[in-house]
Structure formats: C-alpha cells, structure tokens
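Hi,

Here is the structure I promised to send over. Have a look at it first, and then read on for what turned up.

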2 protein chains.
Amino acid sequence: MMKVRGYAARDAHSPLTPFDFERREPGPDDVRIEILYTGICHTDLHQVRNHWGGSMYPMVPGHEIVGRVVEVGKNVKKLKANDAAGVGCMVDSCRTCSSCVQDLEQYCEKGVTLTYNAKERNSEQLTFGGYSEQIVVSQRFVVKVPESLDLKAVAPLLCAGITTYSPLRHWKVGKGQKVGVIGLGGLGHLGVKLAKALGADVTMITTSPEKAKDARRLGADDVLLSPDPDAMTRANSSFDFLLDTVPVGHDLNPYLRLLKRDRTLVLVGALTALEPAPFGATFVGGRKSLAGSGIGGMAETQEMIDFCAEHQIVSDVEIVPIQSVNEAFTRLEKNDVRYRFVIDMASLQH
Amino acid sequence: MMKVRGYAARDAHSPLTPFDFERREPGPDDVRIEILYTGICHTDLHQVRNHWGGSMYPMVPGHEIVGRVVEVGKNVKKLKANDAAGVGCMVDSCRTCSSCVQDLEQYCEKGVTLTYNAKERNSEQLTFGGYSEQIVVSQRFVVKVPESLDLKAVAPLLCAGITTYSPLRHWKVGKGQKVGVIGLGGLGHLGVKLAKALGADVTMITTSPEKAKDARRLGADDVLLSPDPDAMTRANSSFDFLLDTVPVGHDLNPYLRLLKRDRTLVLVGALTALEPAPFGATFVGGRKSLAGSGIGGMAETQEMIDFCAEHQIVSDVEIVPIQSVNEAFTRLEKNDVRYRFVIDMASLQH
C-alpha cells in the first residue's frame, strides 16, 4: 500500500478537509497516475451533501481526473510512464455481462464501480476519487490524453464531455439537424461545442437572457429563451434532437413540444423526479420519445477525447487550489462558474 | 344532403338520445357506408363527458365503424357497392404535409380531422361519428374489410387494433422478444393477440389476479401482477418492449425498471399527466426511452386489417343495441366489459 494525500468530506454537513489514506500498489493491469487536475462536477456536490442518499464517508470526491502516468503494470501496453492520462466516473465493472462486452461498462448489469463513493469490487474498501495526489486504476478504465490539448481544461471532458458526447453519437446527431441544448452549465457548454463540431445547427435553450451572448461565443447558432412563451410557440415541432442538461427536476412538457415527430429528448442532467409530470398526450401526438443517457463506455470515452483533440475542444474552466474547494462548492450551488471549476492538484503540496 | 338518424350527446351531463341530422351527398372521392357495427371506445366516454375539455355538441360519437358500401364516387376504385368497409378515428387530413405524404395522416401537421367532435376541413360543420345509420367518407380514410372476419368483432380494430398494432410494428416487435402489455382492457386484449401473432413472447402485466386466466386464453405466455413487488423485482431488466394501455395517469417508474437497456415503453392509453412523475435516473441508468404513439396511418390500418384476417384476430366483444348505450357507458366506467362493447346499428331501426 502507498500513502496518498487528498481532501475528504467526513459527513454531509462539514467542509472538506485534508485526508491521508492508502491506495493499492499497481497490479499487472494497473496504471498509477499522478493527478494534475480534477474537475468539480455537480455530482460531487450532490454526493458530498448526500442529496441522493447512500453517501459513504470519508468521501474523497472527484471523477474528472487528468494526470501523468507514473508507473504501469507489466500487462499494460496502451500507456507508459509520463503519458497524459484521464480517469472518469468508473474504475471497474464486471467485464462479462452483455453491457460490458459491448463496451458499455457504464450500464454494467452487475453494477459499475464508481470512482468514489463506492466499494472496490468484491471488497469493503471504499473507492477514493480525484481530489488527491495519485490514483491507481485498471488500464481498461484509463484513457490516453493527446498532448495537443490543454490538460487543465481536459479534466471536465472525463465526465461532462462524455456525458454529452455519448447521446449525441448514439442518436446520430450531425449535419442538417437542428439540435437544442437545454441549460448552459458544465454539461451544456460542452454539449454546444460538441454538437457544433458534429456538424449540427445548434440552439442554446436557456432561462437566462444574460447567457445568450456567451452561448453564441461557445458556438451556438441561435438562442431560445424558454421563459418567452411566444418564442417557444414559434419553435414548436422544429427540433431534431434535444439534449437536456438541467441538473434538477423541471417541467419537460414545453421542451417536448419543441420536437418534431419521431424525435427524442435525452436527459443527462436531472436524476430526480420530472415534476410537474409530463403529459402522455405530448408523446402520443407526435410519436415522441424521452430517453436518458449515462456517461459513456471507455472505448467511447477514448473516441471522445480524440474527437476533442481533432476539433480542439476543451472545457471553459476556472482553476482553483484545493484549499478553495469549499468556496467553489458554495459558488457552484449558485451556478456561479463559467463553466467548470478545476482543482490544480499541485496546490495539495502547499 | 341526406337525412341520417343517430344518437347524440347534447351536453356533458345528459344521456345520449336519438338525433336526426344531415350528411353530405358523396362527392367523386367519397364512399357512402351503411353502418352495421360501431365499437364503444374509452375515448367516446371522455369526449361525451368533456373530460379533456373542448367537446362540441351535439356530439355523435363513434370511431370504430364497420359497415357495407352503399355507393361510391366516380374516382373511387378500391371499393365498390356491397364491400365490407371500415372507418376509424380520422376522416380527413391536409394530405400535403410531411406526415401526410409519409402515410402518417394521424400526425398531420395541419391537424387531422377526427371522425367526430371536430369540424370538417375548412368548414364550421361538425363531424358526426358512427353512432348513426350511415357515414360518407373520403376513400383515403376508408379501409376494405376482408369478408373472412366476423364484422361485428372487427369494429374495435379500427381504433383499439391500429393503436396497438402501429407501435408494435414501428418498434419492430417480433420473434425472440419478450414483450409486456400493461393493462387488460379494450386496447390491452388486442395488444396481446397482435404481439403474439407477430411472434413475440407476451406477458400480460395487470393489477388484477382475476384477469390472469383470461390473459392466457387471449394468448399471453405469462402474467405479471404489478401489485406484487417481489414478482416485479424479479422481472426487472427483462423486457424488450412494453406497451402501456392503461387509460389514466399512473406511476411509470416500476414499469420502466422492467425494461432492458436501450428499450422503450410506449404509451397508447394515458393522455393525461404521468403522476407521480417518472425519475430521470430510471431513464439514465439503462438508456431507456418513454414514447407515445397515436393510432396509425390509413395504409397501416389497411395492413393491420389484412394481418388480422391472415391470423383470424378480432376483438372480444359484447353486442349491445343503441338503446343501451348509456348503460354501456356506465359499465365501461367501471371496466365492466370483456373487452369491447359494440353497438349493433340495426337496432336504430327499432
């Protein structure tokens, strides 16, 4: 075992504080990574505060991890020491179920092993995430990061990037399609960049008039303000695909009406109740669909990172030292970030 | 104009009573049909009682119509006098929008003309449905009924049949698939017969233990009782497709959990709010979809009728005279019918 320093929550109510713990020595299939940057995902806030129940403490959050490989096990061929590498929301899965064999580890039928707030496979040992110096991960769950990308702005791609990329690909978004991204935050700003790079005509759908200018800077062709009923009515039945990144329950009915016949709205943000309830008639009237999508498999995560390198897509980030993580959480709760906090892990040494 | 006798509701609260009205003489593309049988759809009850708002009176309900052609206009080739013919939920559409040109008249972008409780195209004249002696309909909205089928039991196919057949076909239900039909009523009992004829392994999912035997008689391979939490848990992630025929708002979460990854639950019954609201996590966890489907286009309705003739599928019916229509409505409200009331229109002459 090796000693590692990190920051942890000890319960749902206290601030995160320094925490020393141990990680396993790398096995033959493992990669040991020195963590350089870790994004602060909205999920970190939910899990630390136990908003969804079932949180386990001490909790070292962080599942948007970028660093450099320090050491690899003898079976590891795809990475070597000093390579830039990334780790996302998962560190293990059963590898044998029908989802795993189709490279959809995120839907592992035995349950995926999350990067933190979970237990190691067949063990009572808690997993600890990226708010720490180092991490040891099985090679299947590590992606290679092209050096042409700005590493600190890559970290959010490992969760926010793949979460938006995967549904855009699965529902075959591309040229000639009018795509709406609902909500301009960490997920939404990457959704706009990725949908645009895939060739779609992209509309940012937001409640905030003050975000319109920023949406266009990020690449949106158009902005639709959802509180404007006339604008929403004019846009009815005009979208080929909607990516809904709003992180809390909300009324889907006005958005479902924006879809053309036979088209789909995909939820990637809200995991809670969709209140007020959607209406059956909204679906029946145009054979419309509501679907969900969770992150992406590891092969697709590598594909996404390579796509981002090709199109020079990274996250808009605000870099903070680990000592400011509690303040960053408070600002995140108020949506006061454009568009992702990333922790500079070198600050752990101060 | 020609005089026609029927039964009509004069407002949302009174019983249906005899009503004399006029229909147009057939034009060159019209078919005049002597109505033999008309099914009583749950929608008739909703519309007569103005449950959904916007009901227009006097209202002659009925959109599950079977009869014999009396007369055809000079352009009509597909039908001739004395042919058995059917009319469903629609009698007209714009015919030029992208839905109409794809034979999806039910999703006409200008709005389909419903068989009753609607206005004739470009007119203030109300449409009057099948609780009447005769109807005159443009040939596009008339299907030919094979003589090998029992006509009185065919009537419900024109709405309940196509409403269940269309999604089964659109989502490519067939051999090797485990399909669940939720709710055993007018729609559900035809859903079981049709899914079975399409080659699927069919489970009836019902709240009523007393319906289990009947479900098997109708062709269900298995019965799942939704109030049994253990049975529901055992069935989690095992279905390839769910057809939800429940005609009122209900909790979808337990049903969505029954789906395998990447599969779809299709609503055909409930047009109201889906309360309590579904959870985003239920969709995200397995990239699942919730969709709706409304009846079917006219070409597909003909295909469905021909499929039913090939497989000798008709509705289970209870024949009633028009004079008992108000009593039938009352029994329908209590789900006291196995599985569709059909009015014998000859009774109008009594």
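**What sits around α4**

The buried residues of α4(A) pack against five elements of chain A: α5 (186–197), β13, β14, α10 (298–311) and β17 (340–344). Before I go further, please keep in mind that this is a predicted model.

Helix α4 itself, residues 160–170 of chain A, is mostly covered, with nine of its 11 residues buried. If you want to click through them, the buried ones are A:Ala160, A:Gly161, A:Ile162, A:Thr163, A:Thr164, A:Tyr165, A:Ser166, A:Pro167 and A:Leu168. After α4(A) comes A:Lys172, which has a positive phi, near 55°.

Two of the neighbours of α4(A), β13 and β14, also pair with each other. β13 (residues 239–244) and β14 (residues 259–267) of chain A run in the parallel sense and share five bridges. To find the spot on screen, look for A:Leu242, which stands opposite A:Leu265 in β14(A).

**Chain A as a whole**

Chain A has 11 helices and 17 strands. Its C-alpha atoms fill a box of roughly 60 × 40 × 35 Å along the principal axes. A compact globule of 350 residues would have a radius of gyration near 20 Å, and chain A agrees with that at 20 Å. Buried residues account for 52% of the 350 residues in the chain. Of the contacts in chain A with a separation of 6 or more, 67% are between residues 24 or more positions apart.

**One sheet, two chains**

Now for the part I would rotate into view next. Which strands make up the open sheet, and in what order? There are 12 of them, with mixed pairing: β12(A)-β11(A)-β10(A)-β13(A)-β14(A)-β15(A)-β15(B)-β14(B)-β13(B)-β10(B)-β11(B)-β12(B). The edges are β12 (222–225) of chain A and β12 (222–225) of chain B, each of which pairs on one side only. On average, neighbouring strands of the sheet are turned by 20° against each other, ignoring direction.

The two chains join in this sheet through β15 (residues 289–292) of chain A and β15(B), which pair in the antiparallel sense over three bridges. A:Ala291, for instance, has B:Ser289 as its bridge partner in β15(B).

Over in chain B, helix α5 (residues 186–197) lies across β10 (178–182), β11 (201–206) and β13 (239–244) of that chain, and runs at about 165° to β10(B).

**How the chains meet**

In terms of contacts, 28 residues of chain B touch 28 residues of chain A. On the chain B side, β14 (259–267), α9 (280–284) and β15 (289–292) each supply at least two of the residues that touch chain A. Sorted by class, that side of chain B has 15 nonpolar, nine polar and four charged residues.

How are the two copies related? Chain B superposes on chain A (RMSD 0.0 Å) after a rotation of 180°, with 0.0 Å of shift along the axis. That is the relation of a two-fold axis. If you are hunting for the axis in the viewer, B:Ala277 has the C-alpha nearest to it in chain B, 2.3 Å away. The interface residues of chain B are 100% interface residues in chain A too, so the copies meet through the same surface.

Shout if anything is unclear.

Cheers

Methods
Residues numbered from 1 in each chain as written. Chains lettered and ligands numbered in written order. Predicted model: local features only at pLDDT ≥ 70, side-chain atom pairs only at ≥ 80, totals over all residues. Contact = placed C-beta atoms within 7 Å. Helix = DSSP H or I, 4+ residues; strand = E, 2+ residues; numbered from the N terminus. Nonpolar A, V, L, I, M, F, W, Y, C, P; charged D, E, K, R; others polar. Pairing = 2+ DSSP bridges. Rg over C-alpha atoms; globule rule 2.2 N^0.38 Å. Buried ≥ 20, exposed ≤ 12 C-beta atoms within 10 Å, placed from the backbone. Axes fitted to C-alpha atoms, helices over the stretch in contact; angles between N-to-C directions. Least-squares fit on C-alpha atoms with pLDDT ≥ 70 in both.
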